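Open the model in your viewer and keep the selection box handy. We will go stop by stop.

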Amino acid sequence: MNIEMIGCIYFRSLRRNQSLWRIATQVRYTEARPMDRSHIEKISKALADGTRLKIFQAISASKCISCGEIVSMRGVTPATVSHHLKILNEAGLIACRREGQFVYSQAVPETIEAYTRALTRISSGKKTSRRRVLSHVIKCALATVCSQFLPSVVRASLFSQSTVPKASPNNSAPPQLALTLDDPRLSLGLALKWPEANNRILKAISERDIRAALFVCGMRVDEADGIKLLSAWDQGGHLICSHSYSHKFYGEQTSYADFAADFLKNEKVIAPYRNCTALFRYPFLKEGDTADKRDRFRALLKERSYRVGHVTIDASDWYVSQRFVDRLAKQPNAPIAPYRDYLIAHLLDRAAFYRQLALDVLGRDIPHTLLMHFNPLNAFVLPEVLKAFETAGWQWIDASLAFEDPIFRSRPQTLPAGESLVWALAKETRRFEDRLRYPGEDDVYEKPKMDALGL
């Protein structure tokens, strides 16, 4: 095993008058030359700081990450990031490189491998039963922590099967999922009145003791009753987020100026609420048809301290509900069960697809965000939907927790930009073309299936 780091660079500040340090070091580990005690102490101190561990975890979860992305993490400031990166670099935990104006960091898994071997040696004595217990505890802890950073081959060589967490998707920990809903509205047609729909949806979520994220399109709630609707979500502790004011498609027909103005208009709608959260979801999940429009709006989001409220599991629940409402208009006593069953099967199928795609692209499970809508069908069947996911092995978590994962700070460089975050990351690699369709999800995929079933 060899490690060599030459000319590593770390960032001092992201503000004006940026400066860089260049550190030339060489570190090599072999079986004949184990990690010395001073280096063990240096790594232990580097990872003992909570913020630094968080930064290292974010770097390890990505192939490489820019300083700008690190600074955007909660609790990390431009004034401190250089200090943390310097310590991680000096400990040999990360390596940095410069590309143009940007500096990127990536993890050095060989250092963690050598570190775990060194700690295992320290804890492997057999003098007392207490020491044997301590050795087992350390090994288990190392297996759990280092499984986030080490390749599977390295994990297998370091730990016995009793201590190594199984690789996803067979991990004993269930995949995690957060509920996000788009487009709360006061007009639901003849199928249901908004107060009943609101109560039903909120009741289903509260029974699971989770907090969702509600993405608000201002024009649909911009009146007195809209305040009542949103206040109920706010009082329930759910995130109140932005989905633009007019739900414009950010494509060829919408200029950057018009889209930006519409986004800013919606801030006034969501600002009064205690749980107003600076997350923005693009209408139709479309993030711009040109690089200029994509990047200009991303810059505006950053300027306004917003992040993208990415969807990882995209679906067409809106279309299934539309078909259900259309049937009710013709047949008021139409049974709901066939539409409920189709919706659940559709959502579970899409969840399985995007989870596997994420595992293949990223090499790990991520907390997923499911896209659903404030509509009549979901109001009637959401309890069954939530239960079906649990039965399928998913664990519901708060949306705020899901959005903390570093993956949600990704900025895929795809065109046209948008779709599910997992879809976009897969598209960016150019390795999954045979599994991706465009658009990712739409009514055209579900129409023939529902037609065949008479729904």
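**Stop 1: a pocket lining.** Select α12 (317–330) and β11 (368–373). Each of these two elements gives at least two residues to the lining of the second largest pocket. Which element supplies the largest share of that lining? The answer is α12, with 4 residues.

Keep the pocket on screen. This is a predicted model, and the space in its second largest pocket comes to about 640 Å³. The pocket is lined by 29 residues. Now select Asp183, His247, Phe284, Trp318 and His373, the lining residues closest to the pocket centre. Colour the lining by class next. You should get 11 nonpolar, 9 polar and 9 charged residues. How is such empty space found? A probe the size of a water molecule is rolled over the atoms, and this shows where space is left.

**Stop 2: the whole chain.** Zoom out and show the cartoon. The protein chain has 17 helices and 12 strands. It is 455 residues long, and 49% of them count as buried. Now think about contacts between residues with a separation of 6 or more. In the protein chain, 75% of these link residues 24 or more positions apart.

**Stop 3: a small sheet.** Select residues 65–66, 94–99 and 102–107. The first range is β3 and the second is β4; the third is β5. In what order do these strands lie? The order is β3-β5-β4, in an open sheet of 3 strands with antiparallel pairing. The edge strands, β3 and β4, each pair on one side only.

Add helix α2, residues 50–61. Helix α2 packs on the sheet and touches β3, β4 and β5. Turn the view to compare directions: α2 makes about 90° with β5.

Now zoom in on the pairing of β3 with β5. These strands are joined antiparallel over 2 bridges. Pick Ile65 and look across to β5, where its bridge partner is Ser105.

**Stop 4: the loop between α15 and α16.** Select α15 (399–402) and α16 (421–429), then the loop between them, where Thr414 lies. Is Thr414 buried or exposed? Thr414 counts as buried because its relative accessible area is 6%, under the 20% cut-off. Show its contacts, leaving aside neighbours within four places in sequence. Thr414 then touches Arg294, Ala424, Lys427 and Glu428.

Stay in this loop, since Pro416 lies here too. Look at the bond from Leu415 to Pro416. That peptide bond is cis, with omega near -10°.

**Stop 5: another cis bond.** Move on to the loop between α16 and α17 (443–453), where Pro439 is found. Tyr438 and Pro439 are joined by a cis peptide bond, and omega is about -5°.

**Stop 6: two positive phi angles.** Go to the loop between α8 (194–206) and β7 (213–216) and select Asp209. Asp209 is not a glycine, yet its phi is positive, near 55°. Asp209 is exposed, with a relative accessible area of 58%.

Now jump to Ser244, in the loop between β8 (239–242) and α10 (256–270). Ser244 is not a glycine either, and its phi is positive at about 80°. Is Ser244 buried or exposed? Ser244 is buried, because its relative accessible area is 1%. Show the surface to end the tour: look for Asp209, which is exposed, and then for Ser244, which is buried.

Methods. Residues are numbered from 1 along each chain as its sequence is written. This is a predicted model: local features need pLDDT of at least 70, side-chain atom pairs count only at pLDDT 80 or more; totals for chains, interfaces and linings use all residues. Side-chain values use heavy atoms; hydrogens and water are left out. Two strands pair if DSSP finds at least two bridges between them. Contact means heavy atoms within 4.5 Å. Axes are lines fitted to C-alpha atoms, for helices over the stretch in contact, and angles run from 0 to 180 degrees between N-to-C directions. Buried means under 20% relative accessible area, exposed over 50%, partly exposed in between (1.4 Å probe, protein chains only). On a 1 Å grid over the protein atoms alone, a cavity is a set of points where a 1.4 Å probe fits but cannot get out, and a pocket is an open set with protein on both sides within 12 Å along at least five of seven lines; lining residues have an atom within 4 Å of a point. Grid points are joined across faces, edges and corners, and a volume is the space filled by probe spheres set on the points. Ala, Val, Leu, Ile, Met, Phe, Trp, Tyr, Cys and Pro count as nonpolar, Asp, Glu, Lys and Arg as charged, and the others, Gly among them, as polar.
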